[in-house]
Each structure stands twice: as C-alpha cells, then as structure tokens.
Amino acid sequence: MPEPVNITFYSPVPGSGANFLSVGFFQYLTRRQDHSVALYDCDYQYPLADSLLKVWLKEEGKVTVRLPVINRNQCILCKACARACAFHAIRIEPAISYITLDEERCRACHACLNTCRYDAIREKPGEIGQWRKYQWKENALVFEGTLQAEEFFAIRFIQQLKALPFSGRYKLVVAYSGMSYSALESIHNTDILIVVIDPAFFDTRYFDWILRLLKKNDHHPYVILNRCEVVNNELISWLFNNNLDILAEIPEVRLPGGMEQNAEYPAFLPDGHIGLEACFSSLYQFVEKVTIIPG
Amino acid sequence: MREIAVISGRNTSGKDSLLVSFFSLAGQSVLVDCSLEFSGLRKVLGTGSVKVKQLPFFRGFSFDADRCSHCRKCLDICYQHAIGYDHDRIRYYEYRCSHCGSCIRWCPLMVLGFENQSDISLSITETPLGPLLFSQSLCEPGLQGELIRALRDKAAGFCKDRKLGTLLINGSRGVNASSCCALVGVDVILIVTSPSIWAEEDLVSDIRLSRHSGIEPFIILNKAGMDTDFDDKVEALCESNRLSVFGRIPVEESFRHALIRGTSLVEYAPGSEAAASIRSIWHRMNDSISQVRP
C-alpha cells in the first residue's frame, strides 16, 4: 500500500478561504469515488468539519503525552533533575525533603527522565486533548480534535493528530492559519503545499517573511488566488519574481442567505459556479500529474 | 488614557476595517496589533518605514555542523522530535523545540547549544494616523502571552510620552492565554460579528472571554442586512446574555476597495451609510466611557 498523498491547504492570512477550499476539494475527490480520502483539520481551536459537513462520529480518543512522575522510594535527592529542568517545574521542598513536580509548568520534554540515573522518574500518560474521527461518505473520513491544555502542547497535539492512521490515497490537511509554530508544524512533511491567497489581503513584507520561513523548512508552495476579482498588481509581480505558480483563480462565491449548516458540496454553491468546479478539476489534474502511482 | 479592544472570533468579520476607521476617527491615538498572525491593519497602515526593536527574553538554537560526529544520540534524546536527520545532516525544527536543553546536556561533543540572540522583535511604524505597534516574528506558543504584554507595555509608554489619549487594541484570535493577555485591564471591549456559520459559537465564546476579564462587551453586527435570519439570531443571543446589539453596520462594497487603497472607510467613502454608522458607534462608545470615567 503506498503512502497517502499529503496535500496541505494553508492560508497565511486567516480567513483567506483555505477551509472552504479544502472542504470543497474533499467533496470533489469523494464524488469521483476513485479512492478514499481523509481530511485532517489542524485547527485545534476551531475545528470545522462537524459544522460544514454532515458527518457522524465513528471513533474518538484522547491525545496524550507522557508526563514524568516521581517515585519517591527510589529518589536519593541528588537534585540532578531539578537542575535539568529548564522550566523550573521540579522543586525540592526544604522542610519535607522530597522532590515535587509542578504539572502546570511541566512541558513533558523528558529532560528529567533522561537525567535521572536512579530510575526514580517514571512516565504516566497525561491528556492534552481529544481527537475525533468522523465518517462522511463510504470513502471519506474526517479527523479533527480540540486542544485542552496549555498552548505549548499544540505542536505535540498537531503531531499526533496528523499521525492518526489512514490508509487511503489522499490525505488533505487544513493547516493552522496565520504564521505560527502551529502553522509550521501542520505544514510539516507535506507532499503538495497549496497556499490560498486573497489579493485584498496581500502585503509584500509579510508574504516575503512567510516565503522565507517556508523555504527554510524546504517547502515549495503553489498558489491559489481566492476572490480574484480584485486585481492586485503588486501580488502578480511578487509571484512572478519568486517563481511561484498560480494553480487556479477563483472568483468570489457569494452565498445567498448565508451558509446553511450541513450543506453538501453542490448545494452550498450557487448554481453554475464554474470557477470553483474548474479550479478543483485543474487541481485534481495537477495532483495526479505530480504524484503518479507506480505500476 | 483609555484602552479600547476590538475582538472577533474567527476572521473575515471586518474587525480590521473597523479598527482602521476608529483609528482615523480617534485622532490622537496609538494602535497595537496583538494578533500575532497577519491582520489587515499591517497591510493598510504598515507601509511606511518600520523601526525594529529586539526583545532579549527569547533563546535561539545553534549547531556546529563541522564538529558533529553523526552519532545521532540527540535524535533519541529529543522527545519532541525537534531534531531530525536527513541527507546525512542534522536538521533542527525550531517550531517543535521547547528549549529544554536535553540535547545539549547529552551531546558528547557539545556541538549543540543555545544562544541568547534571536529574531523576536517589536516593530513600530509611524502612520499618518498615529504610531502602529506590531510584532512580526515567530515565537513559541507558550511565550506569545509574554510578547503581547511587551507590546502593550511599549504602547502604553508611547501614550505617556506623547500624551496621547487613546490606545486601540486589535485582539488576538481564539480563546487562549494570548487573547486574555490582550484584554487585561482595558476599558471597553467591542465584539464584531458578521454572518457565517460559526458566528454564534464564536460570539458566545467571545462574550465569555470578555466577561472573564471583568467587562461587559459591546456587540457590533457587521454586514447587517445580508442575512436577516442571522440578525435575529444575534439579537436573541444577546438578549439571553443580558446584552444588546450596540451598533449595526450595513453591507458595504467600499470596504474591500478601501482596504486595497490603504485607507479607512471613513476617509474613502465618508458619505456612505456604513461610514455614518461607524461614526455613530464611535461617538456613542465615547459617551459611555465618559459616563463610567468622567
């Protein structure tokens, strides 16, 4: 079984439409029924799947990290772990003469575990959030989750969410929008990175910075322009200077009467929206061209 | 000095356009962009020269590739998978690192290390309307709150030095430590909402967030009239939270054109209905502040 093709949709400016495009493309791929598809939503604050698609819950579980726990019987109070902890989570209570671990400060980096020579620090699972696996159609799965711990566990959370097993052909990932460590982690290890840009929100300095960070992490982005009626010459010249290809341009989709909940793909579009349909078919052809199945 | 924060749950609710309009109405004011992701504010206002100020409290990573013996001990040690190995070289994924120092302690040749310099900084730009403060750097999620505090401290200093009366704050996205940090101790919180499928959910969490910082929020309905069902829903939601809709801004095409041209709506289309409603919101809000703090 070949590894699934990882296609990531990322919007550098939150609200550029990466969520809608990914869900639309997910529905497009599902409708073709060639292969099974999964959608991973890395937005741990605002998961979208259950509000955009009519899905039913198939499986759920906890996202855990291994937190250290101190075994006082074996501790000889050498204080090595307290020195090793960069976050001052391990302290020695002078009056009671034993070591305490402050779980609010602990970031589960395992520096103390690596340091202790007396086997006095063990591991225990600590919950940082939940993941949920939804079924949409026979061949379509949706993975999402919510983080319920400090934000510094977000990276670990996204890592584990993206590692949830799926053995199909396409793995669509909605990256955490904006530029942050969470965004970089959700882009990590992708085959095709699609950056959704709204010309109205283009700013040369910001996008230069984004591109530098993406290149530093060995990503080559492809661009989709959303709401492309607004012509921004600055953006066009920037794309040309940086050798970025525009995969598709999508005119603005005006939704009469707002978006209905649980809308299905053809239904959530106004009739005859050719732009989106053409975008998806060209995107599909591009994906097929880039990732040819061996044999 | 009065501090006015504007928040909205997810994006595309028109918060940035509204803030730019407020900024031009306020006159003597400082604008702080606490949203560490991109916002329209920077695009509209941050076009001038930018002064960058380094912040000392962050650590960077250094790695001496020449002395590395490729023993790969660090790969096993790092529980965060921040160190990877491909094409015969050590790769460091900064965004996964929690700077715990395990790798440094275990590296037999001591080629891994931390250094104090890093590229985390504050940016200050002088716009025609007043100074704009923002940060365009990546930092660990755990340190974002600290960065926002530094931004707000700096802005408060600006207000004091130049004797400016108003500090406008662009709140950060979501409900987390950094968005709480942006709202601590402000005088007024405005919640902007506009028709979308998440809007109600977001409105509830935003009301909770502002009540968490001890302030009854003002709710502004943007793009009113686009979806009348939604308008009714927001009203019902406000009523059940013992609030009322403070202002309504009608749908206006010029918002996007104003954004592209880099001006506020109040300047671009002063005669439009939306501009009039923004002006009325601003004046009524000022009245309510002066009632509380004469």
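Here are some short exercises, with worked solutions, on a predicted model with chains A and B.

**Exercise 1. Work out how many disulfides the structure holds, and check A:Cys75 and B:Cys34 along the way.**

Step 1: Remember what you're looking for. A disulfide is a covalent bond between the sulfur atoms of two cysteines.

Step 2: Set the cut-off. The two sulfur atoms have to lie within 2.5 Å.

Step 3: Try A:Cys75. Its nearest cysteine sulfur belongs to A:Cys81 and is 6.2 Å away, and A:Cys75 is in no disulfide. As for its surroundings, A:Cys75 is partly exposed, at 25% relative accessible area.

Step 4: Try B:Cys34. The closest cysteine sulfur is that of B:Cys181, but at 8.5 Å it is too far for a bond. B:Cys34 is buried, with 0% relative accessibility.

Step 5: Give the total. Over all chains, the count is zero.

**Exercise 2. Trace the open nine-stranded sheet of chain A from edge to edge.**

Step 1: Write down the order. It goes S3-S6-S7-S2-S8-S1-S9-S10-S11, and the pairing is mixed.

Step 2: Find the edges. These are S3 (56-70) and S11 (246-250) of chain A, each of which pairs on one side only.

Step 3: Look at the twist. On average, neighbouring strands are turned by 20° against each other, ignoring direction.

Step 4: Zoom in on one pair. S3 of chain A runs antiparallel to S6 (residues 121-137) of chain A, with 14 bridges between them. For instance, A:Leu57 has A:Tyr134 in S6 as its bridge partner.

**Exercise 3. Describe the contact between chain A and chain B.**

Step 1: Count the residues. Chain A brings 61 and chain B brings 51.

Step 2: Get the area. About 5,200 Å² is buried between the two chains, and carbon and sulfur atoms give 55% of that.

Step 3: Pick out the big contributors. A:Tyr46, A:Tyr181 and A:Arg205 supply 17% of the area that chain A buries against chain B, more than any other three residues.

**Exercise 4. Place the domains of chain B, then find out whether B:Ser35 is buried or exposed.**

Step 1: Split the chain. The domain assignment gives domain 1 as 2-56 + 121-292 and domain 2 as 60-115. Their centres, taken over C-alpha atoms, are 41 Å apart.

Step 2: Locate B:Ser35. This residue sits in the loop between strand S2 (29-33) and helix H2 (40-45) of chain B.

Step 3: Apply the cut-off. Buried means under 20% relative accessible area, so B:Ser35, at 6%, counts as buried.

Step 4: List its contacts. Leaving out residues up to four places away in sequence, B:Ser35 touches B:Arg42, B:Asn170, B:Gly171 and B:Ser172.

Key. Residues are numbered from 1 along each chain as its sequence is written. Chains are lettered from A and ligands numbered from 1 in the order in which they are written. This is a predicted model: local features need pLDDT of at least 70, side-chain atom pairs count only at pLDDT 80 or more; totals for chains, interfaces and linings use all residues. Side-chain values use heavy atoms; hydrogens and water are left out. Domain bounds come from an automatic or database domain assignment. Buried means under 20% relative accessible area, exposed over 50%, partly exposed in between (1.4 Å probe, protein chains only). Two strands pair if DSSP finds at least two bridges between them. Helices (H or I, at least four residues) and strands (E, at least two) are DSSP runs, numbered from the N terminus. Axes are lines fitted to C-alpha atoms, for helices over the stretch in contact, and angles run from 0 to 180 degrees between N-to-C directions. Contact means heavy atoms within 4.5 Å. Buried area is the accessible area (1.4 Å probe) that two parts lose on being put together, summed over both.
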